[in-house]
Amino acid sequence: MKSKAAFIIKILMLIPLGISLSAFQAQGGNGPENPQANATQASAPPGAQEILRVSEGKSFVLNTSETIKRVSVTNSDIAQAMVVSPNQVLVHGVKPGTVSFLIWNEEEQVRTFDLQVLAVPISLEPVRESLAEALPDQDIRVSQSGSSIVLTGTVASKDVAEQAAAIAKTANDKVVNLLAVAPMNQAVMLEVKFAEVNRNALRQLGLTILSTGAANTPGVISTQQFSGVGNNVDLTSSIGGSVRGFTTQYNLTDLLNIFVFRPDLNLGLLVKALQQKSMLQTLAEPNLIAMEGKEASFLAGGEFPVPVVQGTGTGNNSSVSIQFKEFGVRLRFIANPNPDGSINLHVAPEVSALDYTNAVTLSGFLIPALSTRKAETDVQLKDGQSFAVAGLLDNRVTKISGKVPWLGDVPILGNLFKSSNFVQAKTELLVMVTPHMVKPLEPGQRNPLPKFPVPFMDNDKFDNKAGKASEPKSLRPGG
């Protein structure tokens, strides 16, 4: 510090005595003269308030005819002052602002100055040219406030505002971004297709052996897994008990199986052998239109009643109310169009169906369960592009086996005393989503009507019989 102060004093000795204020760069003291620097003469009476100006990052030396005892600046973050000789003070501007600068002489008389640190002018024209070249269709205005560049106006999106701020920072690190995003108010139509395929496979195998009285012994041998035979044996006795007889009755409850009976042997065989395959395909194609940023929902299905027990709060009295739960094909989405034509989508498709397999009974009410498959995702698509949510698989396998003890363990012949029930169910769901940018029809513009793939009726004959003028064929369904 002492060497730096000595260096400054040597420079000040070269300054002519007729100059009361000299401006130079703070880093070396040999920069060009600052045209904004200004100060009153040192001969001003003590106590008078004067104005000093210096540019940000610049310094000047104030010469006085009196001996300086000490100096003070009310805010050192804006400006700094240092006594370099008994008659000279070095003042440096740190950042734009106004502070009070005070000087005391040996007699404790004080001089007060309003020290104004001015911002260095920024060349805004290169910034305007860069913004106009990079973002030609945006309303962006550039100005200066203090040492910062201020951006005002209206742009299409938040991303454009961030790009404008990045361009302005190439000229100055201090940028105030006041750009507003213009509302688009664009409507988006979402075309959704739900495709569901159910495939079921069933395989049943069982055997029942029955006797209607062979060797005076009626009976049935079965695993009881498949109810195909019901029997009723009526034992009767004669008078005196000398002759005992019986009557046997069998009821066949499943005639779709293989039944073989030998009357001469009083022996019957009932085989349960069934293999079944089924497939079910359902398709829903809802179309929804919503404004930008607004949620739209769609439900194709219904509601089922659910009893809810409610207590009255006094004693054991309670009441039952009915609430309805929704099920079916549901879609919720929020669309946000972008200036580049892409659309940000938040999509939540859901498919639910009544499941009576897991139903419960409450107070005599049968309440079904809900089998639900749903997904929720965020994607970005162009107008007309599609994305598919697939792989929503549900694969269930159920296998139940039964056998008669000991008899079912006999090699080879033991298969006659075994039964099995195998059920496999596979369900796959595919959801395809396609967004479109739409706009309302102009006044007087007619939207094309839907067309039937097969003509519903002869419109010409119908209109002639009714005595009405026929519409142009191009406007009729199927025309």
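Two strands count as paired when DSSP finds at least two bridges between them. In this predicted model, strand 7 (residues 97-105) and strand 8 (residues 110-118) clear that bar, with eight bridges joining them in an antiparallel run. One of the matched pairs puts Ile103 across from Arg111 in strand 8.

Strands 7 and 8 sit inside an open sheet of four strands, ordered 2-8-7-4, in which the pairing is mixed. The edges are taken by strand 2 (50-55) and strand 4, each of which pairs on one side only. On average, neighbouring strands in this sheet are turned by 25° against each other, leaving direction aside.

Stepping back to the whole chain, there are four helices and 25 strands spread over 479 residues, of which 29% count as buried. Among contacts with a separation of 6 or more, 61% come from residues 24 or more positions apart. The accessible surface adds up to about 30,200 Å², and carbon and sulfur atoms supply 54% of that.

Strand 6 (residues 88-93) is a good place to look at burial. Five of its six residues are buried, so strand 6 is largely enclosed by the rest of the structure. Strand 6 has antiparallel company from strand 5 (residues 79-85), through six bridges, and from strand 3, through five bridges. With strand 5 it makes a hairpin that has two residues between the strands. As for individual partners, Ala81 is matched with Val91 of strand 6, while Asn63 is matched with Gln88 of strand 6.

Just past strand 3 (58-63) comes the loop leading to strand 4 (68-73), and Thr64 lies in it. Is Thr64 buried or exposed? Residues under 20% relative accessible area are classed as buried; Thr64 comes in at 13%, and therefore counts as buried. Its side chain also reaches the backbone oxygen of Glu66, at 3.0 Å.

Further along the chain, another open sheet has three strands in the order 9-10-11, again with mixed pairing. Strand 9 and strand 11 are at its edges with a single partner strand each, so one side of each has no neighbour in the sheet. From one strand to the next, the twist averages 15°. Strand 10 and strand 11 run parallel and are joined by seven bridges, with Leu151 standing opposite Asn177 in strand 11. Two helices pack on this sheet. Helix 2 touches strand 9 and strand 10, and its direction makes about 160° with that of strand 9. Helix 3 touches strand 9, strand 10 and strand 11, and its direction makes about 155° with that of strand 11.

Which residues of helix 3 (residues 158-168) are buried? They are Val160, Ala161, Ala164, Ala165 and Ala168. Viewed down the axis of helix 3, these buried residues fall within an arc of 140°, so they line one face of the helix. What they pack against is helix 2 (125-134), along with strand 9 (139-145), strand 10 (148-155) and strand 11 (175-181). The buried residues of helix 3 thus touch each strand in the 9-10-11 order as well as helix 2.

How values were computed:
Residues are numbered from 1 along each chain as its sequence is written. This is a predicted model: local features need pLDDT of at least 70, side-chain atom pairs count only at pLDDT 80 or more; totals for chains, interfaces and linings use all residues. Side-chain values use heavy atoms; hydrogens and water are left out. Buried means under 20% relative accessible area, exposed over 50%, partly exposed in between (1.4 Å probe, protein chains only). Contact means heavy atoms within 4.5 Å. Accessible areas come from the Shrake-Rupley method with a 1.4 Å probe; for residues, only the protein chains shown count as cover. A polar contact is a pair of N or O atoms within 3.5 Å; within protein, one must be able to donate a hydrogen and the other to accept it, and residues adjacent in sequence count only if both atoms are side-chain atoms. Axes are lines fitted to C-alpha atoms, for helices over the stretch in contact, and angles run from 0 to 180 degrees between N-to-C directions. The arc is that of the directions from the helix axis to the C-beta atoms.
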